[in-house]
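Please look over the sequence and the model shown here, and then read the account of two sheets and of one pair of helices that follows.

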Amino acid sequence: MFPKYDVIVVGAGHAGCEAAVAAANMGSKVLLATMNMNTIAQMSCNPAMGGVAKGQIVREIDAMGGYSGIVTDHTMIQFRLLNKSKGPAMWSPRAQSDRMLFAGKWREMLEAHPNIDFWQEMVTGLVVKDKVCKGVRTGLGLEIESKTVVLTNGTFLNGIIHIGEKQFGGGRAGERAATGITEQLVELGFEAGRMKTGTPPRVDGRSLDWDKMELQPGDEEPGKFSFTDTPKLTKQRPCHISYTSKEVHEILKTGFNRSPLFNGRIRGMGPRYCPSIEDKIDRFADKDRHQLFVEPEGWNTVEIYVNGFSSSLPEEVQYKAMQLIPGFENAKMFRPGYAIEYDFFQPTQLKMNLETRLIKNLFFAGQINGTTGYEEAGSQGLMAGINAHLTIQDEAPFVLSRADSYIGVLIDDLVNKGTKEPYRMFTSRAEYRILLRQDNADLRLTPIVNALGMQGLDNRMQRVHDKNQSIDDIIQYIKNTSISTSQVNPFLESIGSSPINQGMKLERILLRPNINLNDLRKVLPFVNEHLNQYDEEFITSAEISMKYAGYIKKEQDMVEKMNRLESVKIHEDFDYTRLASLSAEAVEKLSQLKPMTIGQASRISGVNPSDISVLLIHLGR
């Protein structure tokens, strides 16, 4: 009935979709198994992609041939570049998406791929022989053979939905939980845990008073995520902002005694940086109000997502409190918010290529690894899909370093440190964030995956070449173009910047901290005329390269020092117990995690600099 597949991907959420695409574009024959073909790439929580650090990840996925950025560009209803008032390392693209169009576009692109087949049924177990994964077993008792398996089960593993004192099995509202896989993995020796996440009520936009809320429009000139030729957004839907109040908080508190979060029914740890409204009230008792983002679910629906009001309180408490929020006095609820508790596996049980240590040819990606967010999941799926293919080909693992990408930071953090709560990416987690900007993801990553053999990157590589050449040309033009006092002094005086006494190169003007290239283009028509031949994104990258050259050089020097440690390899079978000078904790952690390099070993919690010195001496360094 089934051929033998190269890769079976279990679960068709964001991680599963990217895993399937990555393996298929590398040349593998892929089966994507899902319990429901109609919920492929479902946006289970908020209808948005990107955000702080997450936007950088989406652009990195796109730079490596993933589809998340393309799908977002085709289906977004609003675009904003966040943190524009800060330095370029912090600029983060974010888009509101049409929930239904997003899932539909993903399915369309997956079905168009000749290397991807589909099977709709619950996968209840794995076929494992001699600690090697050989395929999957389904609820119908079918065994489907494959060379590798990627598990991307999201919140479905033994999922339990909580609303007040009510609880029932489910992986998402209206969908059943997945059973069998956790129990088998635990039998095989894996350490499982429980995590919790939640979602807010959905309400009827026709029942809201929009005039009582703050308008939050998109950017006047909206950008996009993909480096490919995707459509430009020409019209947008606004979001709105409202706030809770002391009165709202008091009503919510009346349900605390029935909250599964406080009465012990939820055992899983919830996300620190996206807590439920009741958790925020409890933890931040000094705050009189909390901000709510009122987000449309799409172009042609009245359904509204109340971002910031995630809750597992009884539905009548949620409803009563919501009606005290400005603009929500007559709100009609489509469905209440709920919490969901699910199984995950400590990511310290993985190798850096996301293959499990215990079972060969078995990969984990997404929330099964303790992460939260579509973007974090998609990036892991992409890496797992690529590495599943490389494993079949007996090729070296594909591992991104912390200096290569946010994706590298994410996986390095997970594998070396593990997580006690749903892991979310922030710019502050990346020590080289001026190098890992959203504008240069293609320059950093497209050549790397092209060299791996990823198919369909010819046009992307040409664009990378054009972008590099354009940036160089723009920089040289700015360095070599002279400006006279009469051309620039009126502008400098108008912004309170010191006028120049003699002509000088345009570069010296641009490097002043309160001046940007767009300002100079407005007052120097000949400069604007010359730069108009280039893509705006290329101009921005060139400007960043010039204005932040000192910071970029400093981080590049730091990367070179780090790379010296990364170049010292450690054999997987290294016996740390032989080194008497290592601390007992270092021996335990190093033996468990089996780092591939000294650099990786240095980032493991519990391994001290003195332990690294011992290893370096033993390895002849």
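Axes are lines fitted to C-alpha atoms, for helices over the stretch in contact, and angles run from 0 to 180 degrees between N-to-C directions. Helices (H or I, at least four residues) and strands (E, at least two) are DSSP runs, numbered from the N terminus.

This is a predicted model, in which local features need pLDDT of at least 70 and side-chain atom pairs count only at pLDDT 80 or more, while totals for chains, interfaces and linings use all residues. Residues are numbered from 1 along each chain as its sequence is written, and side-chain values use heavy atoms, with hydrogens and water left out.

**The helix pair**

The axes of helix H12 (residues 458-480) and helix H17 (residues 536-547) come within 9 Å and cross at roughly 55°. H12 and H17 are therefore oblique to each other, given that angles under 35 degrees count as roughly parallel, over 145 as roughly antiparallel, 65 to 115 as roughly perpendicular and the rest as oblique. In contact (heavy atoms within 4.5 Å), residues of H12 including Lys467, Ser470, Ile471, Ile474 and Ile478 meet residues of H17, among them Phe538, Ile539, Ala542 and Met546. The buried residues of H12 (under 20% relative accessible area with a 1.4 Å probe, protein chains only; exposed is over 50%, partly exposed in between) include Lys467, Ser470, Ile471, Ile474 and Ile478.

**The two sheets**

Two strands pair if DSSP finds at least two bridges between them, and both sheets are summarised below.

| Strand order | Pairing | Average turn between neighbouring strands |
|---|---|---|
| E14-E15-E16-E17-E13-E18 | antiparallel | 35°, direction ignored |
| E3-E5-E4 | antiparallel | 15°, direction ignored |

In the open sheet of six strands, strand E14 (214-216) and strand E18 (333-335) stand at the edges, each with a single partner strand, so one side of each is left without a neighbour in the sheet. Strand E13 (residues 202-204) is joined to E18 by two bridges, and Val203 has Met333 in E18 as its bridge partner. Helix H8 (residues 315-322) packs on this sheet, where H8 touches E13, strand E17 (303-307) and E18, and the direction of H8 makes about 150° with that of E18.

In the open sheet of three strands, the edges are strand E3 (48-50) and strand E4 (76-82), each with a single partner strand, so one side of each is left without a neighbour in the sheet. Six bridges join E4 to strand E5 (residues 92-97), and Phe79 has Ala95 in E5 as its bridge partner.

Definitions and conventions:
Expected span 1.5 Å × (residues − 1).
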